[in-house]
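Thanks for coming. I have one structure to take you through, and I will keep to what can be read from it. Please have a look at it first.

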Amino acid sequence: MSARKKWTIGLCIVVGLVFPQTLLARPEINLSNELSFTYNNVTGPGAASSSLSEGGHYLNVLGIFGNGKVSGYDYNFNLGAKATDDRNNDPMTWSLTNFQGRISDNVHTLSIGDVFESFSQYSLGTALKGGSYKYTGQEGKIPEVTILAGKAVSRWDSLWRETKTKAIDRQVYGGRVKHNFTADLWAGLSLVTSRDSERINDTDPLYDNNVYALDLEYRPIPGLVVRAETAFNNTSLSPQEGAAYSNTHGYAYRIEAVGDADPSRVSLEYGKTAPKFVSLLGAATPDREKFKAKWRYKYSKTVTLNTGFLWYRNNLEGQRADGRTDYYKPEAGVTVRRLFGRQYSSADITYKLNLADRNSSTTKVDHVVNLNYKDRFGQLDSDTNLGLTSYETKDLTASRRNEYTFNQSLGSRHTVGMFILKPGLFLGGTSIREELVDEEDKIYEYSLGLGLDVPTMKITSQFKVGQNKLDKATGDDTNKGFANLSVYWRPDFLAKLNEGMFFLRAHWNDFNFTTAARDFRETSVTVGLNIQF
Amino acid sequence: MKRLTMRLIFALALILFISAPAGAKWWIFGASEEEVAINYLYLNQMSYEEAGKSIKLFRETLPEGMINIRGKATVRKGAIGSVLVSIDDKANWERARLSQDGTFMFSFKPEAARVYTLYVRVIDTRGKTNDVEATRKEVVLDDRNITAAVKEAMDKLVDAYKNKDAGRFMSGVGEDFAGDATNLDRAIRRDFSSLSDIQLSYTLNNVAADAKGKIYISLNYSRMAIPLRGKGTLSDRGATEFSFSPGDPGLKLFSMKFPLIFGLSDAANVATGMVRMTGNEAIIIITPGGTVEKLPFDKALKSMEEGSASIASDSLTSTPTTIFESFALADGDKTTENWNNACNGNISGDFGVYGTNHHVSVRTGVTVADVGIKSLEDVKAAPPGGYVNPHTSCGWPIGSGNPPPPGSTFRFQQGRSYVFKLPGSAYGAIEVTGFSGNRVNFKYKYTASGPNF
């Protein structure tokens with residue numbers, strides 16, 4: 001028997017021994033199940049382009065959640081499974097989606113199965129299949145200690161090496177000690193080590209990675225919090241099959257200050273990540289120096305100002321052949337509610353600039369302006385959106401692409417006897433114009449919708465039909481007709497099961513291109529039952 | 001210099017920020033002069049102020065099914081008398097457990113679906129209180145399992161993305177999004193510019209939550225995209241991972257791994273981490289230049305990491321005096337051309353190769369520059385000048401059947417790279433890797449928004 005199988009069976013035995021005992025203590029158990037059948041029909045010469053699986057398919061998603069108390073310990077467990085024959089949905093017919101158990105007495109916490117212990121940004125923020133133990137010191141006098149071990153794979157069936165879902169075997173061990181030095185200051189020390197084995201493809205890189213991180217949080221005055229983290233890595237990398245391991249080292253650090261008290265919220269952040277910093281289980285962008293500032297100011301009860309500035313650059317060690325690129329991304333916006341004294345009105349205008357500067361010369365300047373206005377006129381809810389985006393390339397060859405977007409949606413709600421009618425209209429258009437070559441692509445969309453609710457019968461439904469057209473200056477034009485329908489019904493006889501709902505979802509898309517060989521039509525109808533108890 | 005300036009700005013801002021004495025917070029223009037204040041508040045392990053005005057909690061994330069409010073109160077003069085907490089919109093107040101250093105703790109067991117309106121009142125020994133209104137928060141225990149809540153948040157993101165509604169999409173993204181919300185906002189707008197239509201569906205594979213309320217998911221996706229430029233309709237499917245954090249209202253997107261289903265245009269900045277595809281299946285990407293491509297996972301990853309256009313290989317064939325093939329750099333389409341159009345620029349592709357000496361035919365409006373003996377990987381940017389229109393100096397009597405005079409026209413040579421300047425801001429580049437008879441083998445790459453590849 002392989003070590004992996006032993007490991008998996010061992011885990012199952014622990015769960016099997018511990019949790020049935022707890023089940024004896026009258027737990028609270030919730031169960032949900034959704035069973036649906038879908039029929040897809042795809043026709044036309046371009047049918048291969050559809051992302052639907054032809055024919056009839058089933059999908060069943062089961063979830064069981066329970067919690068309770070036994071011998072002074074609180075416990076909860078969570079189990080989920082999925083079954084489907086739609087290979088576009090899942091490569092496996094049966095799969096375990098959740099498998100998690102936790103037991104705690106407020107001081108000791110043991111978790112097994114899906115374990116998600118986020119240590120710190122640079123060290124660990126990924127779910128593992130394994131186990132963790134946490135000791136929480138009372139009143140903060142003793143440090144909080146967490147240890148864990150597991151596999152960093154996203155699917156349970158990857159753990160038992162199903163061919164279709166096989167992933168690189170990444171064994172993870174980690175530990176963290178966190179201590180509250182004062183009521184205003186805590187610091188944590190984390191170590192996460194991972195060992196890769198068993199490539200799927202010859203070109204898959206394998207890492208042996210250690211990340212050491214120190215993070216802290218300090219609150220010097222009311223409303224202000226300062227967070228900081230520094231991390232180092234020690235990495236061995238074999239880039240592909242047959243390639244020897246080579247060692248690299250890197251560092252990362254960041255400091256963030258957030259001031260939050262009405263009417264203002266300000267955040268400042270600075271960070272630097274070396275090109276060779278590798279965090280396989282945390283979050284970091286290598287080769288990055290960054291400064292970010294945000295300020296939200298509530299000028300009055302109806303006016304809020306938002307400003308932000310983001311700068312970052314690469315080539316920290318002069319290693320890039322194409323040199324250094326700096327990005328500057330300032331933005332400003334204002335939201336005004338009850339404009340012109342209108343109770344339901346809200347206007348929002350934002351301006352965003354995106355500027356790239358390569359080797360001290362500006363290469364790209366993008367301007368994004370967006371204006372949104374919402375209001376209610378009588379029984380009509382209106383939402384209007386106007387956008388202008390200008391993409392400008394400024395170096396060797398000047399070019400400018402302007403995009404104009406306009407969207408207007410109108411909606412209403414009427415009660416007629418036992419029915420609630422919710423008609424809606426959407427009109428949208430985008431023009432994308434290349435200024436130098438004087439070419440313009442246009443996208444139009446218009447749709448009509450009708451919502452129909454019957455509260456006494458616990459039915460909600462929505463129907464929408466429309467057309468989406470793309471007119472291109474050069475190349476294939478596209479014309480898509482679409483319609484979709486959804487109906488949800490919660491009949492009384494299913495209420496005995498706490499919550500139960502039948503649903504019907506259908507959609508139809510008819511894609512037509514200038515090149516008729518690309519045309520296709522897809523129709524999909526899904527019926528299902530969702531029950532919870 | 002710029003670097004120094006940025007650091008100075010940050011240092012100055014931080015000094016101003018941290019050195020502000022209590023009650024004189026510059027960022028609110030000295031508006032806060034509270035004599036009684038709360039240094040910090042936590043709701044379970046979440047920062048109270050960063051959790052938003054209203055928050056949904058899930059039973060699976062509550063320690064022993066309880067909500068714990070933990071904080072520290074300070075006073076300028078005197079001492080703290082008591083800390084009271086209301087969970088029913090000030091109708092009743094209950095005393096929190098208070099320590100001498102001002103830290104306090106209050107716990108209650110919430111019932112599902114009930115809205116708890118919380119307030120925290122700190123009273124000093126002189127009877128002065130904190131800004132109680134600033135502590136208002138609505139908390140509701142969502143009795144659904146976390147999977148249902150994640151599905152609701154994901155459905156909202158997918159629907160907004162499919163409908164190209166950037167504002168609605170970003171309302172489902174947390175301010176603290178790991179790849180920077182600013183980058184994601186720009187990236188989805190670029191996606192919308194590059195794709196005329198998007199069909200996207202997903203199913204959840206795995207959902208796990210930690211005690212801080214952060215939720216981790218893995219999912220399978222299936223999608224179809226129609227690029228605005230280029231002829232193909234692309235579809236792919238794969239697996240990736242997201243994480244969510246509690247927000248106002250509902251869950252907010254916190255991070256995404258590569259391959260991405262949102263923000264493809266700036267994958268290098270938006271994605272934090274990567275889920276490797278089992279069989280190196282091809283996935284849809286959008287290059288920094290705005291080109292929509294479907295590439296094997298390894299190539300897509302390399303393109304993302306290096307922030308450069310991907311390189312592919314192809315070849316063109318010519319049958320002297322009869323027909324030849326032209327090639328479109330944007331989508332790799334090949335077209336059989338009439339021999340008589342070799343020199344007049346009237347071809348469908350961007351360029352073609354004709355004759356036994358590999359002469360170059362270029363479409364009207366396209367020019368080409370010889371950048372020398374160089375591998376395509378080393379061609380990082382289009383040169384500023386040196387472009388010619390070969391068909392204007394063809395010098396070859398069309399239809400005569402005679403070979404073109406050596407050196408009189410532009411022709412490909414093995415080992416050299418060539419850059420094509422295309423209409424708009426697009427560029428293409430090729431490296432001629434070899435000849436076999438009338439076949440020319442080459443590698444190529446393309447950017448819709450040059451000059452950098």
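I will go through confidence, then chain B, then chain A, and end with the contact between the two.

To begin with, this is a predicted model. Its scores are ipTM 0.79 and pTM 0.77. For chain B, the mean pLDDT is 81, with 85% of the residues at 70 or more. Where in chain B is confidence lowest, and where is it highest? Lowest is helix α1 of chain B, residues 2–19, with a mean of 60. Highest is β6(B), at 95. There is also a stretch to treat with care: residues 395–408 of chain B have a pLDDT below 50. That stretch still makes 20 contacts in the model beyond near neighbours in sequence.

Now chain B as a whole. It has 453 residues, and 53% of them count as buried. Its secondary structure comprises six helices and 25 strands. If you take the contacts in chain B with a separation of 6 or more, 57% are between residues 24 or more positions apart.

One sheet in chain B is worth walking across. It is an open sheet of five strands with mixed pairing, and the order is β3-β10-β9-β5-β6. Which strands are at the edges? They are β3, residues 54–58, and β6, residues 94–95, each paired on one side only.

Start from the β3 edge. β3(B) runs parallel to β10(B), residues 137–142, and five bridges join them. Within that part of the sheet, B:K56 is opposite B:V140 of β10(B). The next step is from β10(B) to β9(B), an antiparallel pair with four bridges. There, B:L118 has B:K137 in β10(B) as its bridge partner. Then β9(B), residues 115–124, pairs with β5(B), residues 80–86, antiparallel over six bridges. In this case B:L84 sits opposite B:R121 of β9(B).

On to the nonpolar cores. The largest one has 122 residues. Which residues have the most contacts inside it? They are B:V150, B:I215, B:L260 and B:A267. By element, strand β12 of chain B, residues 215–227, contributes the most to this core, with eight residues. As for B:L260, leaving out residues up to four places away in sequence, B:L260 touches B:A267, B:V270 and B:A271. There is a second core, separate from the first, with 35 residues, and B:A330, B:V368, B:A382 and B:Y427 are among them.

Now chain A, where I will follow three strands. Strand β1(A), residues 28–43, runs antiparallel to strand β2(A), residues 55–70, and 13 bridges join the two. One position to find on screen is A:T38, which faces A:H57 in β2(A). Strand β2(A) also pairs with strand β3(A), residues 73–84, again antiparallel, over 12 bridges. A:L62 has A:A81 of β3(A) as its bridge partner. The hairpin of β2(A) and β3(A) has two residues between the strands, and A:S71 there has a positive phi near 50°.

Last, the contact between the chains. How many residues does each chain bring? Chain A brings 96 residues and chain B brings 84. On the side of chain A that touches chain B, strand β4 of chain A, residues 94–104, gives the most, with five residues. By class, that side of chain A has 31 nonpolar, 41 polar and 24 charged residues.

That is the end of the walk-through.

Terms used. Residues are numbered from 1 along each chain as its sequence is written. Chains are lettered from A and ligands numbered from 1 in the order in which they are written. This is a predicted model: local features need pLDDT of at least 70, side-chain atom pairs count only at pLDDT 80 or more; totals for chains, interfaces and linings use all residues. Two residues are in contact if their C-beta atoms, placed from the backbone, lie within 7 Å. Ala, Val, Leu, Ile, Met, Phe, Trp, Tyr, Cys and Pro count as nonpolar, Asp, Glu, Lys and Arg as charged, and the others, Gly among them, as polar. Two strands pair if DSSP finds at least two bridges between them. A residue is buried if 20 or more other C-beta atoms lie within 10 Å of its own, exposed if 12 or fewer, and partly exposed in between; C-beta atoms are placed from the backbone. pLDDT is the predictor's confidence in each residue, from 0 to 100. A nonpolar core is a set of buried Ala, Val, Leu, Ile, Met, Phe, Trp, Tyr and Cys residues joined through C-beta atoms within 7 Å.
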